[in-house]
Every structure is written in C-alpha cells, then in structure tokens.
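Me: I want to test the labels used for this model. Take the structure below and defend each one.

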Amino acid sequence: MSYDLRKGCALCVAFLCLGLAAQAQEPYPRLDALACQKAIEQVEEPFYSRFHVQCIAIAADYCDAPISGPVLACLADLERALVAYVDAHAPVLPDEIMGGGFVAHSYARQIKALKSGAQPTKRCAQELALDRQTCRLVQASTRIFSLRSLAAKAGVLLP
C-alpha cells in the first residue's frame with residue numbers, strides 16, 4: 001500500500017470520527033462525510049474515486065447503527081448535507097471554461113446540470129422508502145464528485 005493511500009485512509013477515518021465527536025450534542029450523532037471529502041481532496045486519481053465512495057459508504061453504513069437513530073432520517077440528513085454543500089459551492093464555478101472541443105463543451109453541459117439543482121430522478125420516486133433514500137443519496141454523492149471534477153477543470157479551489 002503506497003504512502004498516499006495509507007495517508008488518505010487514515011485521514012478519512014480521522015475525519016469521520018471527528019465528525020462523530022463534533023456532532024455528539026445532536027439528538028443522534030452523524031458521521032461527517034464532508035470532512036472526509038475534505039481530507040481526501042489532495043489524493044490523486046484513481047484513489048480519490050475509491051476514497052470518495054468510501055467516505056459516503058461509511059457514513060451511510062453508520063446509519064444502520066442503533067446510536068444513529070432511525071435509518072431513513074440518518075440517510076436523509078447525510079443527503080441534505082451533501083446537497084447543501086454542492087448548492088453552496090456550485091455558484092463559484094464559471095458557466096464555461098476557455099478552450100474548445102470536447103472538454104469545453106462537456107464542461108458547459110455538466111455545469112448546467114450541476115447548477116440546475118438536486119432534483120432526484122423519477123426513478124428514485126418509484127422506489128420503496130429505504131431504496132428511494134439510498135437512490136437520493138447516490139445522486140447527491142455523484143453531485144459532490146461532479147463538483148470536484150468541474151472545479152478541477154475550471155482551475156477553481158473549493159473552500
């Protein structure tokens with residue numbers, strides 16, 4: 001295992017635990033998937049993709065723990081945090097990037113979709129409660145990944 005990979009894993013675990021401790025005063029503690037995302041920001045691909053998934057998956061898995069309260073409420077809180085982060089930071093990205101060709105065209109299409117909001121697809125609405133919330137969480141997670149990718153293409157540092 002490379003040093004960067006171990007460092008990324010350690011940072012993910014540390015920030016998830018710190019998020020739990022910081023939110024202990026809440027009625028039900030939650031893991032801080034956004035802090036985990038921040039911890040892996042400097043990790044290069046392909047490790048970033050894997051860690052991104054793990055940040056969300058670990059926080060979602062935690063929702064099954066009895067201490068986290070009702071599972072659906074926990075997953076909804078996680079989704080809301082991800083959506084709020086993207087909605088707060090998407091406006092800092094430009095609508096277009098310089099250059100031509102596929103990258104610039106693809107960026108313009110992707111940024112438009114990202115800034116249009118986090119409306120879950122019709123497919124999510126057709127699922128049963130737990131599957132519907134999981135579907136919504138996956139969509140929110142995908143938006144976080146897109147935000148990072150588009151920020152990198154635009155040369156914008158996210159706070």
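Reply: Start with the pocket lining. In this predicted model, α7 gives the largest share of the lining of the largest pocket, 5 residues. α2 (33–39) and α7 (129–154) each supply at least two residues of it.

Me: What makes a residue part of the lining of the largest pocket?

Reply: A lining residue has an atom within 4 Å of a pocket point. In the largest pocket, 17 residues qualify, and E41, R148, A151, L157 and L158 are the closest to its centre. The space inside is about 340 Å³.

Me: What is the lining of the largest pocket like by class?

Reply: The lining has 11 nonpolar, 3 polar and 3 charged residues. Among the residues closest to the centre are E41 and R148. Glu and Arg count as charged, so both fall in that class.

Me: Why is a set of residues called a nonpolar core?

Reply: The members must be buried residues of listed nonpolar types, joined through side-chain atoms within 4.5 Å. Buried means under 20% relative accessible area. The largest such core has 27 residues, and L93, L114, L137 and L147 have the most contacts inside it. α3 (47–62), α4 (71–89), α5 (101–115) and α7 each supply at least two of its residues. The largest share, 7 residues, comes from α4.

Me: Which residues does L114 touch, leaving out those up to four places away in sequence?

Reply: L114 touches V86, A90, L93, R143, S146, L147 and L150. Arg and Ser are not among the core types, so R143 and S146 are contacts of L114 but not core members.

Me: What else is called a core?

Reply: A second, separate core has 6 residues, including C36, I40, V43 and Y48.

Definitions and conventions:
Residues are numbered from 1 along each chain as its sequence is written. This is a predicted model: local features need pLDDT of at least 70, side-chain atom pairs count only at pLDDT 80 or more; totals for chains, interfaces and linings use all residues. Side-chain values use heavy atoms; hydrogens and water are left out. On a 1 Å grid over the protein atoms alone, a cavity is a set of points where a 1.4 Å probe fits but cannot get out, and a pocket is an open set with protein on both sides within 12 Å along at least five of seven lines; lining residues have an atom within 4 Å of a point. Grid points are joined across faces, edges and corners, and a volume is the space filled by probe spheres set on the points. Helices (H or I, at least four residues) and strands (E, at least two) are DSSP runs, numbered from the N terminus. Buried means under 20% relative accessible area, exposed over 50%, partly exposed in between (1.4 Å probe, protein chains only). Contact means heavy atoms within 4.5 Å.
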